[in-house]
Amino acid sequence: MLRPLLRTRICMKKRIVVADDDPTIVTLVSLRLEADSHDVFGAPNGNEALKAIRAKPTDAAILDADSFGLNRESTLAYFYHQAPNFSF
């Protein structure tokens, strides 16, 4: 009888930018991600998030769409054009 292969989850440390104008949200999300051993940069707004992403390679970003004062689609378009090397 063959035993099923156990699936192991390999979690590599990722750099994640968290941006929200509410510092409590940034803190809570950052603490949770840091508990999973990720490198987290908290930003108070979308522009600071873009600066952080341009300054250092980033694996993911968690953004408050209102951080840019735009709707969600416009925020993604703005972010895409301002940080062309970032993968979506």
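The legends below describe close-up views of three helices in a predicted model.

**View 1. Length of helix H1, residues 23-35.** Helix H1 has 13 residues. At 1.5 Å a residue, H1 should span 18 Å, and its end C-alpha atoms are 18 Å apart, which agrees.

**View 2. The two ends of helix H1.** At the N-terminal end, Asp22 acts as a cap. A side-chain oxygen of Asp22 lies 2.9 Å from the backbone nitrogen of Thr24. Just after H1 comes Ser37, which takes a positive phi of about 70°.

**View 3. Buried and exposed residues of helix H1.** Val26, Ser30 and Leu33 are the buried residues of H1. Seen down the axis of H1, these buried residues fall within an arc of 65°, so they line one face of the helix. Leu28, Leu31, Arg32 and Ala35 are exposed on the other side of H1.

**View 4. Strands packed against helix H1.** The buried residues of H1 pack against three elements: strand S1 (15-19), strand S2 (39-43) and strand S3 (60-63). Val26, Ser30 and Leu33 are the residues to find here on the helix, being the buried residues of H1.

**View 5. Packing of helix H2 and helix H3.** Two packed helices are described by the angle between their axes and the distance between the axes. For H2 (residues 46-55) and H3 (residues 72-82), the angle is about 35° and the axes are 11 Å apart. The crossing of H2 past H3 is right-handed.

**View 6. Residues that meet between helix H2 and helix H3.** From H2 come Asn47, Leu50, Ile53 and Arg54. In H3, they meet Tyr78, Phe79 and Gln82.

Technical notes
Residues numbered from 1 in each chain as written. Predicted model: local features only at pLDDT ≥ 70, side-chain atom pairs only at ≥ 80, totals over all residues. Heavy atoms only, no water. Helix = DSSP H or I, 4+ residues; strand = E, 2+ residues; numbered from the N terminus. Expected span 1.5 Å × (residues − 1). Buried < 20%, exposed > 50% of the residue type's maximum accessible area, 1.4 Å probe, protein only. Arc of directions from axis to C-beta. Contact = heavy atoms within 4.5 Å. Polar contact = N/O pair within 3.5 Å; in protein donor to acceptor, adjacent residues only side chain to side chain. Axes fitted to C-alpha atoms, helices over the stretch in contact; angles between N-to-C directions. Left-handed = near helix turned anticlockwise from the far one by under 90°.
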